[in-house]
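User: I would like to go through the terms used for this model and see what each one rests on. Please set the values against the definitions.

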Amino acid sequence: MIHANPPHQRRLDPERRRVLTVARGGCGCCAPPMLGGGGKNPLQTAPAARPAELRLSDFQPRSMLHVPVTRVEKPAFPVIDVHTHLSWMSETRNGVSLGEAMSYFADPAELLPLMDRKGIRTMVNLTGGTGRGLEETIARFDAVAPGRFRTMTEPSFEQFTESDYPRLQAEAIEHAHRIGAAGLKLLKTLGLYLREGIDQGELVGVDDARFAPMWETCAALKMPVFIHTSDPEAFFLPGNNSNERYEELARHPDWSFYGPEYPSHRDLLSARDRVIARHPETTFVLMHVGNQAEDLAAIAQCMERHPNVHVDISARISELGRQPRAARRFFERYQDRILFGTDAVPAPYGNDVPQQLLGDELYEIYYRFLETEDEYFDYAPAAVPPQGRWSIYGVGLPQEILRKIYHDNAARLLGMDR
Ligand SMILES: [Zn+2]
């Protein structure tokens, strides 16, 4: 037990007491005790008459660390960004994207100067749509600047309630492949939004057997499946004062999956892993480090068990960079199965998600994280860290690993020359 007022401090000689009094104006952390408050904790400083009140949203501290700041304007090797959103399916019902109509966030004329400045060989647009929408996306991007853009298709959930959905879905993938889709992308729709009646009824499991022909068709056509399952662990916990993503959830309350109406983080990932095990010929790229960047031992176990698994690092340098030693070991061990991605979204849509806001700054942060050993820097171009109040550390990867992560692993999966 610690005594509030140890007896020896009450019996200080007058000379020592004078020294302590003189030194009182120093810094708080090593300030001497203020004596004479009979019965009070001698280490306690006087509280302000009126406690300062500062809203969390107004608290924007600047680090006083004097540490090296390395600006990495261009990457060490040409980059394939496997995770961007340049288009979006226009119609969404309760979180499920439907139909063939598309919305476009940017066009190649706007993007190519940025790509050239930032050393980006290719952007992969994951949300390319289906059917005629997909054709339009490919015509707008891949056909205009060959090799600079690759487009992925998405499931045709509109047809989910039809009795021959499994066959229709497989045929839609075949059509997408014929017109040039580079792979299949699944949003977190599967497991969290898609229901038996599309937007009503019971949730449909990630491992529902009706999707088996979709996974198998992708394997047959050598189309990688880019799948987003679940979300950060904190999104499944109460959005209260102990939630490390409190501010993010306060800004995006619809990102919370806390409560009995949702499956747990663990259940979602278990269902995903059953799909991966059942379809060993299909290549699965798990978005956002499989939404297990907070638990690298767990995603490592998944990668050990399933050689058909890759991951991308998009929107998770915040997590990787706050555990730089474990992250570096992860990069070393899985250097052939990790892909560079940012989850970039062009403004104005990206303004809402600074960790994904497409621009020079975003890419420079990723390059700094991967290439330098800089310490304690912002993981997003924002005044307040948007995914949680912490900073990150660079992992300083060697050239041979950078080359694979920036480029070669993606080139191999997408069938591009190296
Ligand atoms: Zn994304």
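Analyst: What follows is a set of questions on terms, each with its answer. This is a predicted model, in which local features need pLDDT of at least 70 and side-chain atom pairs count only at pLDDT 80 or more, while totals for chains, interfaces and linings use all residues. Residues are numbered from 1 along each chain as its sequence is written.

User: Why is asparagine 94 called exposed?

Analyst: A residue is exposed if 12 or fewer other C-beta atoms lie within 10 Å of its own, buried if there are 20 or more, and partly exposed in between, with C-beta atoms placed from the backbone. Asparagine 94 has 11 C-beta neighbours inside 10 Å, so it counts as exposed.

User: What does asparagine 94 touch, leaving out residues up to four places away in sequence?

Analyst: Asparagine 94 touches Tyr193 and Asp199; contact requires C-beta atoms, placed from the backbone, within 7 Å.

User: What makes β2 and β3 a pair?

Analyst: Strands are DSSP runs of E with at least two residues, helices are runs of H or I with at least four, and both are numbered from the N terminus. Two strands pair if DSSP finds at least two bridges between them. Strand β2 (residues 87-93) and strand β3 (residues 96-104) are joined by 6 bridges and run antiparallel, so the pairing condition of at least two bridges is met. One of the bridges has arginine 93 with valine 96 of β3 as its partner. The two strands form a hairpin with 2 residues between them, and asparagine 94 in the turn has a positive phi of about 45°.

User: Why are β6 and β10 placed at the edges of their sheet?

Analyst: The open sheet has 5 strands in the order β6-β7-β8-β9-β10, with parallel pairing. β6 (184-186) and β10 (338-339) each have a single partner strand, so one side of each has no neighbour in the sheet. For β6, 3 bridges lead to β7 (residues 225-227), where isoleucine 227 is the bridge partner of leucine 186.

User: How do you know that the buried residues of α9 line one face?

Analyst: The buried residues of α9 are His265, Leu268, Leu269, Arg272, Asp273, Val275 and Ile276. Seen down the axis, they fall within an arc of 155°, so they line one face of the helix; the arc is that of the directions from the helix axis to the C-beta atoms. Arg266 and Ala277 are exposed on the other side of α9. The buried residues of α9 pack against α6 (189-192), α7 (212-220), β8 (284-286), α11 and β9.

User: What span is expected for α9, and what span does it reach?

Analyst: The expected span is 1.5 Å times one less than the number of residues. Helix α9 (residues 265-278) has 14 residues and reaches 20 Å from its first C-alpha to its last, close to the 20 Å expected.

User: Which residues of α11 are buried, and why are they said to be on the same side?

Analyst: In α11 (residues 296-305), Leu296, Ile299 and Met303 are buried. They cover an arc of only 70° around the axis, which puts them on the same side of α11. The face turned away carries the exposed residues Ala297, Glu304 and Arg305.

User: What makes a set of residues a nonpolar core?

Analyst: Such a core is a set of buried Ala, Val, Leu, Ile, Met, Phe, Trp, Tyr and Cys residues joined through C-beta atoms within 7 Å. The largest one here has 92 residues, and those with the most contacts inside it include Leu184, Phe340 and Tyr366. Helix α14 (residues 360-371) gives the most to this core, with 7 residues. Another core lies apart from it and has 5 residues, among them Leu192 and Phe235.

Methods. Two residues are in contact if their C-beta atoms, placed from the backbone, lie within 7 Å.
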